[in-house]
Structures are given as structure tokens and as C-alpha cells.
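Grab a pencil and work through a protein model with me, one exercise at a time. Try each task yourself before you read the solution.

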Amino acid sequence: MGLLSFLFGGCGKQSAAAKGVTPQTMPPGELSYSQLDITERFDDPLRLKPDDWIQTAALNESVPDGKGLPPVGASADEVYRAADRLSRFRESIAVPNDGVYCPVCHIANTQLARLRAPCPKCGRPLLQFGWD
Ligand SMILES: [Zn+2]
């Protein structure tokens with residue numbers, strides 16, 4: 001584990017502990033994921049500029065039976081509805097260092113201030129995205 005990874009992980013744990021919020025507080029059998037896409041590199045937000053957009057990968061292609069994830073091949077609207085539900089959950093727990101993404105175009109940006117602003121590609125409101 002590199003230094004950046006250590007800092008990033010440590011920071012996240014500390015904030016979660018301070019707020020008394022951990023993934024284990026989620027009701028069992030309900031939401032296993034709080035977003036539909038992931039990035040391949042944990043340090044993406046550190047090298048991205050505020051106006052940079054990065055390609056993301058759909059989680060349901062690597063975790064086909066993940067709870068809360070739409071089926072592979074779901075329509076754009078189905079995918080977006082599922083992502084919107086998960087984003088509202090994520091928004092309610094105020095995760096530090098989050099950015100935004102479009103689950104339909106598979107792009108993400110580090111600026112949480114863009115939450116619910118139109119996606120630059122498809123115009124759907126951008127959803128909250130975690131990088132780790
Ligand atoms: Zn989009």
C-alpha cells in the first residue's frame with residue numbers, strides 16, 4: 001500500500017468514525033453499493049483538475065448479482081433510476097472527498113459542487129460519486 005493510499009484510507013476511516021457512520025450501519029440485505037460505477041485508480045481525484053472528466057466502469061459488469069445494481073444490459077433510464085436511489089443514500093451520509101458522476105455516460109468529476117447539475121453529455125442530473 002502506497003503512502004497516498006494510506007493517507008486516503010486513513011482519512012476516510014477517521015471521518016467515518018468521527019461521524020459514527022460506518023458501512024456496517026446499513027440495514028443488512030438492503031444497499032450493498034452506494035453507486036453504480038467505479039474508477040480503476042484510487043488516487044484519481046488527486047491528479048484530476050476541477051474541469052477534468054474521467055471514464056468510469058460499470059460495477060454491474062464485474063459484480064453481476066450485486067444488490068441494488070441494475071442488470072447488465074438495463075436501459076439508460078433503468079440504470080439512472082437505480083443510480084439516483086443510491087446517490088440519495090450517499091448524499092444523506094455526507095461522505096468526504098466525494099465527486100459526481102453520470103451512471104449513463106460513465107464519466108466522473110471531482111467537484112461535488114456539480115451535484116445535480118446537468119451531465120455535459122446527456123443532460124441528466126449528475127449524482128454523487130465516491131472514489132474509494
Ligand atoms: Zn450523462
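Below are six exercises on this predicted model, each with a worked solution.

**Exercise 1. Getting your bearings**

Task: Find how many helices and strands the protein chain has, and in what pattern they follow along the sequence.

Solution: Start by counting elements: the protein chain has three helices and six strands. Next, read along the sequence, and you get the pattern α-β-α-β-β-α-β-β-β. Now look at burial: of the 132 residues, 27% are buried. Finally, check the contacts with a separation of 6 or more: 58% of them join residues 24 or more positions apart.

**Exercise 2. How far to trust it**

Task: Work out which element has the lowest mean pLDDT and which has the highest.

Solution: Begin with the whole protein chain, where the mean pLDDT is 80 and 74% of residues reach 70 or more. Then go element by element: helix H1 (residues 3–19) sits at the bottom with a mean of 46, while S4 has the highest, 97. Over residues 1–31 the pLDDT is below 50, and this stretch has 16 contacts in the model beyond near neighbours in sequence. Here's the rule to remember: where pLDDT is low, don't read the predicted coordinates in detail.

**Exercise 3. Sorting out the sheet**

Task: Give the order of the strands in the open sheet of four strands, and say which ones are at the edges.

Solution: First, trace the order, S2-S5-S4-S6, with antiparallel pairing. Next, look for strands that pair on one side only: these edge strands are S2 (54–55) and S6 (127–129).

Now zoom in on S4 (residues 99–102). It pairs with S6 in the antiparallel sense over three bridges. In S6, Phe129 is the bridge partner of Gly99, and Gln128 is the bridge partner of Val100. Turning to S5, you'll find three bridges to S4, again antiparallel; here Tyr101 stands opposite Ala108. S4 and S5 make a hairpin with four residues between them, and His106 in the turn has a positive phi of about 60°.

One more step: which way do the residues of S4 point? In a regular strand, side chains alternate between the two faces of the sheet. In S4, Gly99 and Tyr101 point one way, Val100 and Cys102 point the other way, and all are buried.

**Exercise 4. Reading the faces of a helix**

Task: Decide which residues of H3 are buried, and why they line one face of the helix.

Solution: Check the helix itself first. H3 has 17 residues and reaches 24 Å from its first C-alpha to its last, close to the 24 Å expected. Then list the buried residues: Val79, Tyr80, Ala82, Ala83, Leu86 and Ser87. Look down the axis of H3 and these buried residues fall within an arc of 165°, so they line one face. As background, an α-helix has 3.6 residues a turn, so residues three or four places apart point the same way.

What about the face turned away from the buried side? It carries the exposed residues Asp77, Glu78, Arg88 and Ser92. S6 is among what covers the buried residues of H3. Just after H3, Ala94 takes a positive phi of about 45°.

**Exercise 5. Finding the core**

Task: For the largest nonpolar core, find which residues have the most contacts inside it and which element gives the largest share.

Solution: This core has 19 residues, and Ala83 and Tyr101 have the most contacts inside it. The elements giving two or more residues are H3 (76–92), S4, S5 (107–109) and S6. H3 gives the largest share, five residues. Now follow Ala83 outwards: leaving aside neighbours within four places in sequence, it's in contact with Gln35, Leu36, Pro103 and Leu127.

**Exercise 6. Two in-between residues**

Task: Explain why Arg85 and Leu46 count as partly exposed.

Solution: You'll need the cut-offs: 20 or more other C-beta atoms within 10 Å means buried, and 12 or fewer means exposed. Arg85, in helix H3, has 15 other C-beta atoms within 10 Å, so it's partly exposed. Leu46, in helix H2 (residues 44–47), has 13 C-beta neighbours inside 10 Å, so it counts as partly exposed too.

Last step, compare sequence with space. Arg85 and Gln35 are 50 residues apart in sequence and 8.9 Å apart, C-alpha to C-alpha. Leu46 and Thr110 are 64 residues apart along the chain, with their C-alpha atoms separated by 8.9 Å.

Conventions. Residues numbered from 1 in each chain as written. Pairing = 2+ DSSP bridges. Core = buried A, V, L, I, M, F, W, Y, C linked by C-beta atoms within 7 Å. Contact = placed C-beta atoms within 7 Å. pLDDT = per-residue confidence, 0-100. Expected span 1.5 Å × (residues − 1). Arc of directions from axis to C-beta.
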